Amino acid sequence: MMNTIKVLSIAGLLFIAALNSGCAAMASRPAMQESTPAMEAAKASQLISNADSAYRSGNEDKALMEYVAALQFSPDNPAVLYRVAVLQERRGDSNAALQAYLDVLKNEPEHAGALEGAGISLIKIQQHEQAQQYLEKAVANDSQRWRAHNALGVLADLRRDSESAREHYQLALAQEQTRSMLHNNFGYSRYLAGDYRSAIIHFERALVADPDNKTAWANLGLVSVRLGDAMGGVEAFTEIMEPHRAHNNVGYISYKNGNYEIARTHLEQAIALSPAYYAMAHQNMQRLDVVAQK
């Protein structure tokens, strides 16, 4: 594919030259200098240097463009392919990232970073069994790949294998003790396992690491209500939403838990705070009335 791109580019330049110079000029044009391996290596090196500089300055779009251009002259360069894959993943293009990671693995089958990246990309496109294989190989080659351990924890939770999930999250946190996302994921894993106290501890640690982690605030609100701390739930939800929405959430969770009086109190509060706007609380109150009459 890269050779085709190169040929088309040269053909395009010749066509433009013909239009600008006319037939006579084209006939007298000196022959193009043939590219040598040394020249191509030099071009690739310069493009990689440009890409590295752009990446360090935070211009990821330019960095990606320069790395891709470098691959025209060095298509099997695993280091450049890996950087392309990482940037594609950061851009949210899981399919392009996966292909680049797989290209790395064609040349370096034991590349732990590419195995990890391929596994994570496969999770994002719902290919869980394949993802498991790549991720297990990644941590076998490098036990400190915390992103791979986190991803294996997520897969274990999807299988309802709480003990395996616990092991992987702990291994991930051994490498990244203050990473908010890891504590949030571990907390949610403990919530799924019914260990609410441990879940709250990890949600709180997630928020110490990143007070703006909205998912952790929502999870803290959820588990607080599950433990019977309705006001704690309101406080947590209010960090990320309007008070009437927070009370509605607490009312709905309490209703699902069978705590009907607490549910009614908070749904009424939601309606009082926003009587005209907040129709959701009215709907939840109607559900509650139906259940309470049975």
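## Buried residues and overall make-up

Of the 294 residues in this protein chain, 39% count as buried. Keep in mind as you explore that this is a predicted model. The chain has 16 helices and zero strands, so helices will be our guide here.

How far apart in sequence are the residues that touch? Among contacts between residues at least 6 apart in sequence, 42% join residues at least 24 apart.

## The largest nonpolar core

In soluble globular proteins, nonpolar side chains tend to be buried together. Here the largest nonpolar core has 35 residues, and the ones that touch the most other members are Y67, V80, V84, Y101, I123, A131 and L135. Seven stretches of the chain are worth finding on your screen: helix 2 (37–56), helix 3 (60–71), helix 4 (78–90), helix 5 (94–107), helix 6 (112–124), helix 7 and helix 8 each give two or more residues to this core.

Try looking at V80 up close. Leaving aside residues up to four places away in sequence, V80 touches I48, Y67 and L71. Apart from the largest core lies another one, of 19 residues, including A199, L222, V234 and F237.

## Helices 7 and 8

Two packed helices are described by the angle between their axes and the distance between the axes. For helix 7 (residues 128–141) and helix 8 (residues 146–158), the axes come within 9 Å and cross at roughly 140°. That angle makes helix 7 oblique to helix 8, and their crossing is left-handed.

Which residues make this contact? Helix 7 brings H128, A131, Q132, L135, E136, A138 and V139, while helix 8 brings A148, H149, A151, L152, L155 and L158. Sorted by class, the contact has nine nonpolar, three polar and one charged residues. You have met A131 and L135 already, in the list of residues that touch the most other members of the largest core.

## Helices 11 and 12

Further along the chain, helix 11 (residues 196–209) and helix 12 (residues 214–226) have axes that come within 9 Å and cross at roughly 155°. These two helices are therefore roughly antiparallel to each other, and helix 11 passes helix 12 in a left-handed crossing.

On the helix 11 side, the residues in contact are Y196, A199, I200, F203, E204, A206 and L207; they meet A216, W217, N219, L220, V223, S224 and R226 of helix 12. By class, this contact has ten nonpolar, two polar and two charged residues. One of the helix 11 residues here, A199, also belongs to the core of 19 residues.

Methods:
Residues are numbered from 1 along each chain as its sequence is written. This is a predicted model: local features need pLDDT of at least 70, side-chain atom pairs count only at pLDDT 80 or more; totals for chains, interfaces and linings use all residues. Side-chain values use heavy atoms; hydrogens and water are left out. Axes are lines fitted to C-alpha atoms, for helices over the stretch in contact, and angles run from 0 to 180 degrees between N-to-C directions. Helices (H or I, at least four residues) and strands (E, at least two) are DSSP runs, numbered from the N terminus. Angles under 35 degrees count as roughly parallel, over 145 as roughly antiparallel, 65 to 115 as roughly perpendicular and the rest as oblique. A crossing is left-handed if the near helix is turned anticlockwise from the far one by less than a right angle, and right-handed if clockwise. Contact means heavy atoms within 4.5 Å. Ala, Val, Leu, Ile, Met, Phe, Trp, Tyr, Cys and Pro count as nonpolar, Asp, Glu, Lys and Arg as charged, and the others, Gly among them, as polar. A nonpolar core is a set of buried Ala, Val, Leu, Ile, Met, Phe, Trp, Tyr and Cys residues joined through side-chain atoms within 4.5 Å. Buried means under 20% relative accessible area, exposed over 50%, partly exposed in between (1.4 Å probe, protein chains only).
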